[in-house]
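Got your viewer open? Please load the model below and follow along, one selection at a time.

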Amino acid sequence: MFNFFKKKKTSCSLFYHTDVHCHLLPGVDHGSPDLDTSMLLLNKQREMGINHIIATSHVTKSTFENTPDTLRPAHKLLCDAVAAEGMDMKIDLSAEYRIDEFSLAQLKDNRILPFPNNYILLENPFQQEIMGMDELMFDVQLKGLTPILAHPERYNYYGRKKDRYTKLHDAGVLFQINLLSFTGYFGSLAKDTAQWLLENDYIDFLGSDMHNIDHADIILDFLSSKEYRRLADRLSSRLMNDTAFNV
Ligand SMILES: [Fe+2]
C-alpha cells in the first residue's frame, strides 16, 4: 500500500560553521584511525554545514601522550588530502588537553598548540576535580590563554553540585557543550545538565566531539529534532563558534 503520508526525512544543518572539538586527525588517538576514515568524517562535517574545524586530538598522560611534534604530521597529511579533493574545509591544529601532569608540563614549557586567538580546550579528569582547579584556571589566564572547558556537562561531580559551574564561569572559564549530550548519548545526568547549562546561558561553544561515524550519524539525526531547533533558537545570538577565531 502506498504511504503518501509517510514523513520524508529532511536533512538539517547546524546554525554555525566551526566545530571546535573533534578527533578527526588520522592515527593519533582513539578517534579516526586512518586517513580514509578522517575524510569520511570530514564529509559528515560538511553534511552538517561545517567548513572549519579545530582538530582537538587527545593529549593525556599514559594513553595519548601527543605533543606538537606528533600532531603536526597528522594535521599536514589531512590538510593535503583535503586540498587534493578540493574540499571546502579549513583545519586548524590544536588539541584537547586533559588536566594532568603530562599536559601541565607542556603548558609550563609553552609547548602547547592553542586555538586561534589563544583559546585552549581543557578536559577535566572524569573521577574528580583536581586540587587547585581555580588557581590553575587563573594561572592559565595569566599566561594570556582563555580556557574553554570541554564538555562540563559530562563531569558528574559538577552535575550534582552546580554551583561550581557558576564559580568557574564567573572566573572567565568558557564552556563547550557536546551536541551528543543533548541526545542522551552520555546518560541522563549529562543530558539534564546540558539542558540546565543551556537554560542558564552558560553555553559558549558547541562541539561534536566526533570520534567516529556513529557519533556523526547520531548528531545528523538530532539536527532534525524539535530539541535541536529549541537549542538553536536559544543559542543563535550568543554562541561563539563562528566569532571567537576571526584573527
Ligand atoms: Fe574530545
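Start by selecting residues 18-22 and 52-59 in this predicted model. These are strands β1 and β2, and they run parallel to each other, paired over three bridges. For a landmark, click on T18: H52 of β2 stands opposite. Now follow the chain from β1 through α1 to β2, and you will trace a right-handed β-α-β crossover.

Stay with β2 for a moment. How many of its eight residues are buried? Seven are, so most of the strand is covered.

Next, add strand β3, residues 90-98. β3 is also a parallel partner of β2, this time over eight bridges. Zoom in on S57 and you will find A95 of β3 as its bridge partner. The route from β2 to β3 passes through helix α2, residues 68-85, and this β-α-β crossover is right-handed.

Now move to helix α9, residues 213-222, and show the side chains of H215, A216 and I219, its buried residues. Look down the axis of α9: these buried residues fall within an arc of 100°, so they line one face of the helix. Turn to the other side of α9 and you meet D214 and D217, both exposed. To see what covers the buried residues of α9, display α1 (35-48) and α7 (179-182), which are among the covering elements.

Last stop: helix α10, residues 226-235, where you can pick A232. Is A232 buried or partly exposed? A232 counts as partly exposed because it has 16 C-beta neighbours inside 10 Å. Finally, draw a C-alpha to C-alpha distance from A232 to G132: the two are 100 residues apart in sequence and 35 Å apart in space.

How values were computed: Residues numbered from 1 in each chain as written. Predicted model: local features only at pLDDT ≥ 70, side-chain atom pairs only at ≥ 80, totals over all residues. Helix = DSSP H or I, 4+ residues; strand = E, 2+ residues; numbered from the N terminus. Buried ≥ 20, exposed ≤ 12 C-beta atoms within 10 Å, placed from the backbone. Arc of directions from axis to C-beta. Contact = placed C-beta atoms within 7 Å. Pairing = 2+ DSSP bridges. Right-handed = clockwise from strand over helix to strand, strands pointing away.
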